[in-house]
Each structure stands twice: as C-alpha cells, then as structure tokens.
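Subject: Handover of a structure and notes on its contents

Dear colleague,

Please find below the structure that I am handing over to you. I would be grateful if you kept it open while reading the notes beneath it.

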Amino acid sequence: MGHVHPPPVDLIDHGGNVRNSERNALVNIHPKGFFIRHPPSPHDLDEALTPDAKLFQTIHMGAANVDASRWNLVVDGLVERPFSIDLEQLRQMPSKSVTSFHECYGSPINPPTKNVWRIGNVRWTGIPLQYLLSIAQPDCDRGLFVWSDGLDSGTFAGVSADRYQKDLPMQKALTPEVLVAYEMNGQPLTKERGGPVRLVVPGWFGTNFTKWLCRLSVQATRSEGPFTTVFYNELDPTDSQGVRKRPVWKVEPNSMIVRPRPEEVFLGPQYVEGWGRTWGADEIARVEVSLDHGDTWEEASVVPRKQFEWQFFSFRVYVHRADRYDIQARATDRSGARQPLQGRRNHVPTVQIWVQSRYT
C-alpha cells in the first residue's frame with residue numbers, strides 16, 4: 001500500500017482547508033425530499049444479519065446520485081496534513097469489518113416517547129476513521145470534533161441546508177470501530193444506503209452515519225448546521241429540572257421480543273419459550289422478563305457481545321391459567337443503565353399472547 005500524501009498546495013486555502021472540489025461528484029438529488037421505509041415488525045426480523053430488504057431506510061432531504069469516478073474525500077481543518085483521496089485510493093487502505101446494530105432514532109420533530117424499533121444488524125466494511133486521522137495528524141488540543149459532510153442538500157421539516165452535516169467528539173472519532181465504509185453485508189453501498197461511501201459510528205444512532213460522505217473536517221466546536229442544532233437534540237432524562245438538552249449520540253439500552261409472535265395461542269398450563277434481541281452503546285449485561293407488567297422479573301439468558309452486534313436473549317416462562325398474558329423484556333447494560341417501562345423511545349417491548357386450557 002502506498003502512502004497518502006497531502007494534496008497539491010493549490011487545493012488548500014489560507015485556512016488550511018481543502019477547497020470544495022469534492023462536491024463536483026454530485027450528479028443530482030433524485031428523488032428529492034424526505035423518504036422513509038419502515039422495517040418489518042420485530043417478529044419478522046428473525047435473521048442474525050439483517051438483509052438490505054428488511055433494513056429500514058431514512059433519507060432526510062433526498063437521495064444523492066454520485067459519480068463514483070469523480071468522488072473524493074477531503075480530510076482537513078485543524079490538521080497538520082490536509083489531504084484528498086479518491087475511491088480507488090480509499091479501497092487500497094487497510095480495511096476492517098465491524099458487525100453492528102443499526103438503529104434510527106425516530107422523528108427528530110416529535111417527542112421521543114414511542115419505541116419505533118427501527119433496528120437492524122449489519123456488517124460494515126471500510127477504513128477506520130482513526131487511520132485517516134493518523135495521516136492528517138489532527139491538533140488534538142484544539143480539534144475537539146470531527147465534522148462530516150454529505151453530498152445531499154435540500155429541505156427537511158421546513159428547514160433548508162446546503163449539506164447534511166454532523167459532528168463527532170474526537171474521543172469517539174478515534175475509537176477503532178468508527179469506519180469510513182464502502183460496503184454493507186459484503187456488497188458495495190447502494191445510492192439508497194449512502195454510497196459510494198458513508199460514515200459508520202457503531203453504538204450511536206443512525207443520524208450520525210453521514211451518507212454520501214465527502215468531507216471530514218477537524219474543528220474546535222460543534223457544527224452549527226441544522227442537523228446538530230435544530231434537529232437531533234433531546235431533553236436529558238437525567239436532568240431533574242427537565243431543561244438540559246443533549247445530542248442524539250449514544251444508543252440507550254433497548255430490546256425487542258421476536259418470539260413468541262404477537263397474539264400467538266398456546267395450550268396451558270405449560271412453559272412458553274421465547275427469544276429476542278437486545279442492544280445499546282454499551283454491552284447489555286442482563287435481560288429480565290415479566291408477565292405482570294413489571295411487578296416481578298425473571299432472568300433471561302443473554303449471549304455476550306463480540307463487537308457492536310445486537311445480542312440474542314432467550315427465556316422460559318410458566319403460564320398456568322387460560323388468560324391473556326403480556327410478556328415484557330427489560331435490558332440493563334454494563335454501566336447499570338436500564339430500559340424504562342414507559343414514556344421513552346426505548347421503553348420495554350410488550351408482546352401479547354393467549355393461553356387456552358388444554359382440558360376444555
């Protein structure tokens with residue numbers, strides 16, 4: 001693998017930033033405007049690795065059509081060696097694959113009180129952002145954030161933007177799991193998935209996974225674009241005053257029940273076996289199951305995490321009478337953070353089943 005050198009001097013302005021030549025790869029925005037494709041219900045998300053056809057899609061301002069032969073990525077800002085590379089050069093760098101859950105936060109214009117389970121589990125392949133930053137040599141005393149620009153532009157919820165722009169704290173940007181990715185599940189990224197290249201931030205919400213990536217810029221402050229200021233900030237539930245806001249970054253503990261299916265009927269009395277998936281920014285250490293709306297909980301079995309993939313859990317509960325039962329699951333991560341019972345976007349899932357007496 002050859003070394004990546006800084007670009008010619010005439011590509012760099014007096015502020016040490018590479019000029020906007022990277023946006024020349026944009027052909028057009030088509031179709032324009034917001035688009036969402038919801039995932040199947042949790043009981044249909046039964047594969048360990050989620051295929052593209054079952055993975056949700058969220059596009060804020062329209063899908064960018066990109067000429068891959070003209071695509072290039074600029075790395076600049078508060079760095080010693082700003083540079084620009086094309087797709088072929090990127091693919092020649094040492095790559096890495098990370099299996100990670102991929103979760104959409106949900107609508108940034110509605111209160112986060114509904115668990116939408118826009119979730120999947122995919123394998124990303126690309127270049128660690130850490131590696132690209134090691135080439136650029138950021139000023140880590142001043143450069144506290146890495147801004148990421150997409151080639152898309154337009155209007156979302158009445159707010160116009162000339163680009164989709166997000167930011168990462170340098171501490172997260174330098175972790176080995178963050179990728180500048182060009183493949184998903186072993187296939188090149190499609191236009192709808194943000195291809196040819198997107199940012200991937202395992203453990204964080206999908207809004208931070210900038211699609212149609214074209215620029216990474218080390219900066220001293222957070223981005224002032226609408227997708228970090230107007231959208232994707234929420235009230236911090238740990239603030240007793242209910243006024244402090246926090247960015248939509250880390251994913252809190254969440255879970256879903258895949259089996260039994262909703263409204264499934266069993267003959268009782270008997271043990272009912274079930275399973276599901278659980279995930280969060282930190283590894284899930286414990287899952288509990290309740291049949292009485294949280295009055296009592298029974299321990300489930302949880303498979304440990306290897307990377308950032310969602311974790312399999314299984315349980316066995318005893319149903320002793322003919323009745324309706326609501327099965328709930330609650331996840332707790334290694335830091336002690338636990339799913340709330342209600343009123344939050346990650347509140348516990350409930351699956352209703354029916355039990356009929358085998359003796360009638």
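The notes that follow describe what was found. Please bear in mind throughout that this is a predicted model.

**The two domains**

The chain is divided into two parts: domain 1 covers residues 21–247, and domain 2 covers residues 254–356. Taken over C-alpha atoms, the centres of domain 1 and domain 2 are 30 Å apart.

How many residues of each domain are in contact with the other? On the side of domain 1 there are 33 residues, and they are in contact with 25 residues of domain 2. Between them, the two domains bury about 2,200 Å². Of this buried area, 56% is on carbon and sulfur atoms. Which residues of domain 1 lose the most area to domain 2? They are His43, Phe101 and Trp117, which together account for 25% of what the domain 1 side buries.

Polar and charged groups also take part in this interface. Across the interface of domain 1 and domain 2, 19 residue pairs are in polar contact, counting pairs in which both residues have pLDDT 80 or more. Three strands each supply at least two residues of the side of domain 1 that touches domain 2: S7 (96–103), S8 (119–128) and S17 (233–235). The largest share comes from S7, with 6 residues. By type, the residues on this side of domain 1 divide into 15 nonpolar, 10 polar and 8 charged.

**Salt bridges**

Side chains of opposite charge can pair when their charged atoms come close. The structure holds 27 salt bridges, and the count between domain 1 and domain 2 is 3. Asp46 forms a salt bridge with Arg259, and the closest N and O atoms of this pair are 3.4 Å apart.

A further salt bridge joins the side chains of Arg163 and Asp149, at 2.8 Å from N to O. Why does this pair tie together separate parts of the chain? Arg163 lies in the loop between strand S11 (159–161) and strand S12 (165–169), whereas Asp149 lies in strand S9, so the pair links parts that are 14 residues apart in sequence.

**Two open sheets**

Strands of a sheet pair through backbone hydrogen bonds, either parallel or antiparallel. Two open sheets are described here, and I suggest tracing each one strand by strand.

One open sheet has 4 strands in the order S19-S21-S25-S24, with antiparallel pairing. Its edge strands are S19 (254–259) and S24 (301–302), each of which pairs on one side only. S19 is joined to S21 (residues 270–279) by 5 bridges, and these two strands run antiparallel. Within this pairing, Met256 has Arg277 of S21 as its bridge partner.

Another open sheet is formed by 5 strands in the order S20-S27-S26-S22-S23. Here the pairing is mixed. Which strands lie at the edges of this sheet? They are S20 and S23 (298–299), each pairing on one side only. Both senses of pairing can be followed in this sheet. S20 and S27 (residues 350–357) run parallel and are joined by 4 bridges, with Val265 having Trp354 of S27 as its bridge partner. S27 also pairs with S26 (residues 323–333), this time in the antiparallel sense over 6 bridges. In S27, Val351 stands opposite Ile327.

**Points in the backbone**

Three places in the backbone deserve a look. The peptide bond from Gly195 to Pro196 is cis, with omega near 15°. Pro196 is found in the loop between strand S14 (187–188) and strand S15 (198–200). The peptide bond from Arg259 to Pro260 is also cis, with omega near 5°. Pro260 has its place in the loop between S19 and S20 (265–268). Arg259 has already appeared above as the salt-bridge partner of Asp46.

Finally, Gln137 is a residue other than glycine with a positive phi, near 55°. Gln137 is found in the loop between helix H2 (129–136) and strand S9 (145–150).

Yours sincerely,

A colleague

Technical notes: Residues numbered from 1 in each chain as written. Predicted model: local features only at pLDDT ≥ 70, side-chain atom pairs only at ≥ 80, totals over all residues. Heavy atoms only, no water. Domains from an automatic or database assignment. Contact = heavy atoms within 4.5 Å. Buried area = accessible area lost by both parts, 1.4 Å probe. Salt bridge = Lys/Arg side-chain N within 4 Å of Asp/Glu carboxyl O. Polar contact = N/O pair within 3.5 Å; in protein donor to acceptor, adjacent residues only side chain to side chain. Nonpolar A, V, L, I, M, F, W, Y, C, P; charged D, E, K, R; others polar. Pairing = 2+ DSSP bridges.
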